[in-house]
Amino acid sequence: MSKNLGEALPRDRRAMGALSALLAAHAISQTGNVITAFAIPFYVLGLGGSGVEVGIAAFFATAPVVVGGALGGVVVDRVGHRRAAIVADLVSGATVLAMPVLALTVGLPFWALLILVFAGGLLDTPGQTARRVMLPGLTVRAGVRIEQSVGLLDGSERFAKLIGASIAGLLVAFLGPIAALFVNAATFAVSALLTWAFVAAVPATVRLRGDSVDTPRSSYWADLAEGFRFVIHDPLMRLVVGLVLVTNLLDAARGSTLMPLYANDRLGGAAALGLLVAVMGGCALVGNVAFGFVAHRVPRRVTLAVCFALAGGPSSAAFAVGAPLPVLVAMTALSGLAAGAINPILGTVELERVPEHMRGRVFGLINAGAWAGVPFGALLGGIAADTIGLSLAFGIIAVVYTLVTLSPLSGGAWRAMERRPVVVAAN
């Protein structure tokens, strides 16, 4: 007997509690990442660093996302999703804690900061992947639609940006980046504790019709190659990875480098940047929650294209023309509301198309491919700021972002993203 994930299902209170704990752990862990994204650029600037050095630091912060995503997905499938999520948080927290401890004792030069930043981000993607793979089983037992639960998971990330940006902006502005890093380390510890205490191993098995869950164990490299072949041979997955790769590159240039430099140069520092990131996160959270209730009723392809274009174009154009802070806040709010629909659509499509036993490695590879441009985007943002200037850099991003994100309207393999049945085996 099987059940479609899109159907209304009876609610299991215990599973609902586990799902809530998973979402909370994800939000808290992501809050730590937001705080790091604030603390590191301002620590570098406090050392007298240039825009290029800020870009280099952002490169080292995002490059491990690609490495960890590509190589860590198979490990997630093998060691278990719950265990992988806990270990990832603990290792990330310990590495982040080393930064302020060294800075306050023997010192933390720029080269040592780069090493720790890289090490701290290496398990971020496997941890996020593990939580995402646990989502379908808990969703079914909790009686929640898959679109809504994916939206809630993405919403927890948006909520993390809202809270993390506010906390980080205040911490950096009044106590400095070192204090922010101590708070960051604590968030990873709390996330690991929540997962260990309240999220049991997922009892339900979620799969597409015809999938087999009893797959023989092969070598690590064979598993990795199987996941790679799946991504390469699925035309829609190739398009999704390509689209998100470009937009993530542009977002990295804008968010990791250009916006901190813009805030430091023209908006008075970290507090204004914290306000903008918080507005983005808060509005995206509202968009997530609202979209979760209508996601099963709207066409995915057109919705994705329109919302994606609105998420990056208008706000970048506002920075390009030097708009005052209230206008920047308004455009950022529009971007956030539109962005709320993006990840729930893409996340649901991935869950529908990827067999259950391959989700760890495939999601890891998709994340690695989508994030492959992020380190270079952060670095290019710093170079662009020091060469062509902030306004022109934001203008180029606005134009390219809009053109690329409208590509799903061209049809072709993009049409395959409309709904297909996903079922759960009843116990």
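Two rings of Phe, Tyr or Trp count as a pair here if their centres lie within 6.5 Å. On that basis, a search of this whole structure, which is a predicted model, turns up six aromatic pairs. Here's a quick tour of the chain, then a look at two of those pairs.

**Overall build**
- The chain has 16 helices and three strands.
- Its radius of gyration is 21 Å, which agrees with the value near 22 Å for a compact globule of 427 residues.
- Along the principal axes, the C-alpha atoms fill a box of roughly 65 × 50 × 40 Å.
- Among contacts with a separation of 6 or more, 90% are between residues 24 or more positions apart.

**Surface and charge**
- Of the 427 residues, 55% are buried.
- About 16,600 Å² is exposed, and 69% of that comes from carbon and sulfur atoms.
- There are 29 positive and 21 negative side chains, with the centres of the two sets 7 Å apart.

**Aromatic pairs**
- F59 and F376 sit with ring centres 5.5 Å apart and planes at 75°, so this pair is edge-to-face.
- F59 belongs to helix α2 (residues 51-79) and F376 to helix α15 (residues 374-387), so the pair ties together parts 317 residues apart in sequence.
- Both rings are on partly exposed residues: F59 has a relative accessible area of 22%, and F376 comes in at 45%.
- F319 and F394 are stacked instead, at 4.7 Å centre to centre with 15° between the planes.
- This stacked pair ties helix α11 (residues 300-320), home of F319, to helix α16 (residues 390-405), home of F394, across 75 residues of sequence.
- F319 is buried at 3% relative accessibility, and F394 is buried at 0%.
- Ring pairs also link F59, F60 and F376 into a cluster.

Technical notes:
Residues numbered from 1 in each chain as written. Predicted model: local features only at pLDDT ≥ 70, side-chain atom pairs only at ≥ 80, totals over all residues. Heavy atoms only, no water. Helix = DSSP H or I, 4+ residues; strand = E, 2+ residues; numbered from the N terminus. Rg over C-alpha atoms; globule rule 2.2 N^0.38 Å. Buried < 20%, exposed > 50% of the residue type's maximum accessible area, 1.4 Å probe, protein only. Contact = heavy atoms within 4.5 Å. Areas by Shrake-Rupley, 256 points an atom, 1.4 Å probe, with all protein chains shown as cover. Lys, Arg positive; Asp, Glu negative; His and termini not counted. Charge placed at Lys NZ, Arg CZ, Asp CG, Glu CD. Phe/Tyr/Trp six-rings, centres within 6.5 Å; stacked < 30°, edge-to-face > 60°.
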